[in-house]
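Please open the model in a viewer and keep the sequence panel visible. The tour below proceeds from the whole chain to one selected site.

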Amino acid sequence: MVTPRQSAREQMMRDVVRVGREHLKTVLPADLSLRGVARDVGVVPSGLYRYVRDREALITLLIIDAYDELADEVDAAIEAASRRSHRKRLEAAVLAARAWAVREPSRFALLYGTPVLGYQAPGEQTVGPGTRVVAALGRLAEDAWRTGKLRKVDATLSQPVRADMERLRQQHGLDMPASNVARVYGLWSAVTGAILFDAFGQYAADTVSDKEAFLRDHVAGLADTIGL
């Protein structure tokens, strides 16, 4: 049973994250102010320190929140496309990630943009949320392999890379070959780069007139590389 004190603490944490999101729209992560967040939450700074010890802890909360929201939308898109081909599910996942990034550019930048000077993400808190999307893509590819929809990729892997991919296969109980795992692992970085170009206007003028159509075609090419 949730006590009134626990309920109040959970509400305060939700308020802190909500206000932190709003502040990210106007300031860089390095410029986030606990005093400013406390003011907009409606408490004195000393009261906020009982919940968030410093700026780094606030950044961590916002990173986890952003990772989870992004992954939730990708998961929902894959589920909504579950009756379609694996290629179409992959496309749906990437388009959902793009839609979130375009809608939440400051939060996408917090995850994949310039690192915050002096901030070191605590792996025990951020690795799980931060790998949810690539894990979803891995599950999609693994399902395709087990149902005969993913072909083996013939790729020569260097010894260190093969060892890493074999370790990932063991950790995640994957049946697809290490060469496919390597391509899937590289898939998200390729997609992330394309989304960053889109969300932050990095395409040169008069080159890409329909960014979503370009991303669809880009994903189709990536689907070929992973064996779909």
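Begin with the whole protein, a predicted model, coloured by burial: of its 228 residues, 43% count as buried, that is, under 20% relative accessible area.

Next, switch to a cartoon display. The secondary structure consists of 11 helices and 0 strands, and from the N terminus on the elements read α-α-α-α-α-α-α-α-α-α-α. Reduce the display to the C-alpha trace, which spans about 60 × 50 × 35 Å along its principal axes.

Now display the contacts between residues at least 6 apart in sequence; 71% of these join residues at least 24 apart.

Turn on the surface. The accessible area of the protein is about 12,600 Å², and 52% of it belongs to carbon and sulfur atoms. Then select the charged side chains, with Lys and Arg as positive and Asp and Glu as negative. The protein has 31 positive and 29 negative charges, and the mean positions of the two sets lie 2 Å apart.

The last stop is the largest pocket, with a volume of about 520 Å³. Which residues are the closest to its centre? Select Val134, Ala135, Leu168, His172 and Tyr185: of the 16 residues that line the largest pocket, these are the closest to the centre. To place the pocket within the fold, colour α8 (132-146), α9 (159-172) and α10 (178-199) separately; each of these helices supplies at least two residues of the lining.

How values were computed. Residues are numbered from 1 along each chain as its sequence is written. This is a predicted model: local features need pLDDT of at least 70, side-chain atom pairs count only at pLDDT 80 or more; totals for chains, interfaces and linings use all residues. Side-chain values use heavy atoms; hydrogens and water are left out. Helices (H or I, at least four residues) and strands (E, at least two) are DSSP runs, numbered from the N terminus. Buried means under 20% relative accessible area, exposed over 50%, partly exposed in between (1.4 Å probe, protein chains only). Contact means heavy atoms within 4.5 Å. Accessible areas come from the Shrake-Rupley method with a 1.4 Å probe; for residues, only the protein chains shown count as cover. The place of a charge is taken as NZ of Lys, CZ of Arg, CG of Asp or CD of Glu. On a 1 Å grid over the protein atoms alone, a cavity is a set of points where a 1.4 Å probe fits but cannot get out, and a pocket is an open set with protein on both sides within 12 Å along at least five of seven lines; lining residues have an atom within 4 Å of a point. Grid points are joined across faces, edges and corners, and a volume is the space filled by probe spheres set on the points.
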